[in-house]
Each structure stands twice: as structure tokens, then as C-alpha cells.
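Work through the three exercises below with the sequence and the structure at hand. Each task is followed by a solution in steps.

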Amino acid sequence: MKKKDRMKMIKKFVLIVLAVALGWGIYNTVIADRSVGTEVGDKAAGFSLETMDGKEVSLSDYEGKPVFLNFWATWCPPCEEEMPDIQKFSDVHGEEVTVLSVNFTKFEPNKDKIPEFVESHKLTFPILMDREGKVGENLYQVISMPTSYMIDGEGVIREKRVGPLTLKDMEGWLDKVK
């Protein structure tokens, strides 16, 4: 094969590779559905858990409305520190956002402390019980508590924080998803 013919074939091959790469990039960013994951920009994983009184709650129940999702445990000092602000956030912004609080029940050494904690902090938002860790440990891969997410009305994670939040932080997050 002549050198000139070989160069033409290489150019065609490079153009085909570039066209495929461009097509894949357009598909991934414009056409394909967002992947489910745990990071900002990912689609939030759907789940169903029971509340303390046995009512089943699903993330999909709140489709179309922002959701503030918080993972916590009674033995976690930063979790306890942020609870009053989460309650204030729910009280003030409950019409605009749903607060879902997931107790990492699997890691609670004394499950009787959960209702005591809820009562002592006068929490009125739903407390979901992750008895087996399927949501926090498996779906959301929570490795430290508290961990919180702000999920927009389309189910996309817009904010994530490992560690406590203040009321001001939560309100800033809400402003971004309105």
C-alpha cells in the first residue's frame, strides 16, 4: 500500500473515532437519563422506609417538590447539634420543601433512645427508620453522620454535605432549587 493511501485510511479512521466520541458525548449529556448516584448532579436513588409509627414513605411520594434528606443517629453529637435547625427549617419552609430524616437504625446500640431523642427535640418531620442500612449504607453510601442532601423537584441531587448544617446553610440550599 502506498504511503498516500495509508495516510488517507488513517485520516478516515481518526474522523470515525472522533465522530463516535462526539456522538457518545452528546448522547451522555443531552439524551441519556442522569445516572443514579450519591453525588451532586446524580439522580437520587428511590427508596421506601417506614416511619417510627409504621407508615411507609417513599422518596417518589414527593416528586415535583424539593426534598431535604438527612441521615443521623442518636449517638452522633453533630447530628444532635443540627436537629434544632432542621426543625426550624421544616417549620418555616415546610410548604416549599419536604424534610425527610433517616435514622440509621442499623447502627443504633439502643433503639429505645430513638423515640426519646425525637420527643426531646420536638421533631415533627417524618423520621424514617433504616433498620437494615439498605438506604443509608447501600444506596446513599453514607460513611459519616450527619450526611444531608438537597434533592430538587426532578429528583436530582443539588447539594450534599457530610457534617452538620445550620439553618442558613439549609435556606441557601433551598434558594438554589426553587
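**Exercise 1.** Find which residues gather in a patch of positive charge on the surface, then decide whether K11 is buried or exposed.

Solution. The model is a predicted one.
Step 1: The patch of positive charge consists of K2, K4, K8, K11 and K12.
Step 2: K11 belongs to helix α1, which spans residues 3-31.
Step 3: The relative accessibility of K11 is 56%. Exposed means over 50%, so K11 counts as exposed.

**Exercise 2.** Determine how many disulfides the model has, and describe the link of C76 and C79.

Solution.
Step 1: The sulfur atoms of C76 and C79 lie 2.3 Å apart. The cut-off for a disulfide is a pair of cysteine sulfur atoms within 2.5 Å, so C76 and C79 form one.
Step 2: By this rule, the count for the model is one disulfide.
Step 3: The angle about the S-S bond is 80°, and the link of C76 and C79 is right-handed.
Step 4: As for accessibility, C76 and C79 are both buried.

**Exercise 3.** Place M129 in its strand, state whether M129 is buried or exposed, and give the C-alpha separation of M129 and T51.

Solution.
Step 1: M129 sits in strand β7, which covers residues 127-129.
Step 2: The relative accessible area of M129 is 8%. Buried means under 20%, so M129 is buried.
Step 3: Along the chain, M129 and T51 are 78 residues apart. In space, their C-alpha atoms are separated by 5.8 Å.

Technical notes:
Residues numbered from 1 in each chain as written. Predicted model: local features only at pLDDT ≥ 70, side-chain atom pairs only at ≥ 80, totals over all residues. Heavy atoms only, no water. Buried < 20%, exposed > 50% of the residue type's maximum accessible area, 1.4 Å probe, protein only. Patch = residues over 30% accessible without salt bridge, like charges linked within 9 Å, V, L, I, M, F, W, Y side chains within 5 Å. Areas by Shrake-Rupley, 256 points an atom, 1.4 Å probe, with all protein chains shown as cover. Salt bridge = Lys/Arg side-chain N within 4 Å of Asp/Glu carboxyl O. Lys, Arg positive; Asp, Glu negative; His and termini not counted. Charge placed at Lys NZ, Arg CZ, Asp CG, Glu CD. Helix = DSSP H or I, 4+ residues; strand = E, 2+ residues; numbered from the N terminus.
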